[in-house]
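Here is a report on one protein model. It moves from a single residue to the domains, then to sheets and helices.

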Amino acid sequence: MVQILIAEDDPVSRRLLEITLRKWGYEVVVTCDGEEAWQRLQQEDAPRLAILDWMMPKMDGLEVCRKVRAQKAEPYTYLILLTAKGQKEDIVAGLESGADDYVTKPFHAHELRVRLRAGERILDLQAKLIEAREALRVQATHDFLTGLWNRAAIFDLLRQELARAEREKRMLAIAVMDLDHFKCINDTYGHLVGDTVLRETVQRIRPLLRIYDALGRYGGEEFLLVLPGCDALEAVRVAERIRVEICQTPIKAEGKEVAVTCSLGVAIFDPARPMDMDACIRTADRALYQAKSNGRNRVELAATTDGKRKFLSAHEVLAHAEQDLSYRTGR
Ligand SMILES: [Mg+2]
């Protein structure tokens with residue numbers, strides 16, 4: 001049922017309007033002055049269609065129109081002014097305040113009904129436009145195969161998270177993950193199996209992430225993880241969990257069981273020694289390269305100990321953590 005808000009200070013006109021609208025099948029939200037109408041229109045579930053009397057105490061209909069228009073543009077509220085004034089300049093003032101239409105009092109029932117229908121058509125069109133735009137936005141920012149953020153979107157997200165981490169003086173971890181010998185999987189089993197492996201990989205990773213972590217498809221079989229607030233130890237734990245989750249059970253695809261492993265490179269953004277996005281990704285890429293050259297199916301962390309750059313395996317990081325040693329991380 002379409003909701004409609006009415007604002008009218010005169011009790012007799014208000015009652016008449018309410019009864020008429022209900023008879024036409026609208027759900028009516030009744031307010032008695034401009035102030036009350038404005039309060040109601042700001043609420044999350046506010047009616048998108050409103051009939052406002054021009055002359056009202058506290059706040060007149062024109063002022064309500066101005067306030068509604070000054071607020072966010074979406075979702076749109078269709079505003080009809082109800083006025084005893086019929087002169088041209090008044091109508092101009094009414095429409096300039098942001099009203100979409102006006103009806104003169106005493107209202108002619110049939111006319112009001114058609115004007116309300118016109119308003120509903122506008123609202124329907126706007127809803128469809130927003131829906132179409134949202135669909136395009138999803139297409140533009142998501143990877144079609146896996147449903148993850150695409151490369152451009154995950155980079156945008158990382159840029160924002162790095163700025164936030166620097167401002168809030170918090171750590172941030174990123175991990176670059178690559179499926180080992182993925183080309184072999186495609187060559188041996190075909191691309192359909194390859195696609196299933198990518199999708200299943202994502203399904204396995206998702207439950208291991210927190211709600212504010214982000215995962216994007218970085219390249220063909222490469223993924224980028226953004227882990228806000230994670231220090232080296234936490235990030236390595238997450239990466240190691242992912243590695244185990246991927247390798248411990250073969251992936252079923254097209255009636256075949258495919259053994260899959262992955263390698264991960266982890267880099268830490270330390271607000272005490274900030275680095276830009278490119279440097280972060282390069283650092284994680286180098287750690288990934290190290291994981292590959294150390295035999296794959298492993299996690300490597302890019303760390304700095306005593307000013308020297310080095311890589312630490314997940315095993316080393318977790319062992320260090322057990323000994324309660326602290327070390328600095330970075331480039
Ligand atoms: Mg009035």
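Is A140 buried or exposed? A140 is exposed, because 10 other C-beta atoms lie within 10 Å. A residue is called buried with 20 or more other C-beta atoms within 10 Å of its own, exposed with 12 or fewer, and partly exposed in between; C-beta atoms are placed from the backbone. A140 sits in helix α5 (residues 109–141). From A140 to A163 the distance is 23 Å, C-alpha to C-alpha, and 23 residues in sequence.

This is a predicted model, in which local features need pLDDT of at least 70 and side-chain atom pairs count only at pLDDT 80 or more, while totals for chains, interfaces and linings use all residues. Residues are numbered from 1 along each chain as its sequence is written. Helices (H or I, at least four residues) and strands (E, at least two) are DSSP runs, numbered from the N terminus.

**Domains**

The domain assignment gives domain 1 (3–140) and domain 2 (151–322). Such bounds come from an automatic or database assignment. The two domain centres, taken over C-alpha atoms, are 52 Å apart.

**The open sheet**

Five strands, in the order β2-β1-β3-β4-β5, make an open sheet with parallel pairing. Strands pair if DSSP finds at least two bridges between them. β2 (27–31) and β5 (101–104) are the edge strands, each with a single partner, so one side of each has no neighbour in the sheet. From one strand to the next, the twist averages 20 degrees.

Helix α1 (residues 11–23) packs on this sheet and touches β1 (3–7), β2 and β3. Its direction makes about 165 degrees with that of β2. Helix α3 (residues 61–70) lies across β1, β3 and β4, at about 145 degrees to β3. Axes are lines fitted to C-alpha atoms, for helices over the stretch in contact, and angles run from 0 to 180 degrees between N-to-C directions. Contact means C-beta atoms, placed from the backbone, within 7 Å.

**Two buried strands**

β3 (residues 49–53) and β4 (residues 78–83) pair in the parallel sense over five bridges. Six of the six residues of β4 are buried, so this strand is largely enclosed by the rest of the structure. Elsewhere, β6 and β11 pair in the antiparallel sense over eight bridges. Strand β11 (residues 262–269) is mostly covered, with eight of its eight residues buried. In both strands, the residues pointing each way are buried.

| Strand | One way | Other way |
|---|---|---|
| β4 | Y78, I80, L82 | L79, L81, T83 |
| β11 | C262, L264, V266, I268 | S263, G265, A267, F269 |

Some bridge partners can be named. L52 is matched with L81 in β4, and L49 with Y78 in β4. I174 has A267 as its bridge partner in β11.

**Helix α8**

Helix α8 (residues 191–205) has 15 residues. Its first and last C-alpha atoms are 21 Å apart, close to the 21 Å expected at 1.5 Å a residue. The expected span is 1.5 Å times one less than the number of residues. Which residues of α8 are buried? They are G194, V197, L198, T201 and I205. Seen down the axis, these fall within an arc of 100 degrees, so they line one face of the helix. The arc is that of the directions from the helix axis to the C-beta atoms. The face turned away carries the exposed residues L192 and Q203. The buried residues of α8 pack against β6 (172–179), α7 (182–189), β7 (214–217), α9 (232–247), β9 (251–253) and β10 (256–258).

Terms used. Contact = placed C-beta atoms within 7 Å.
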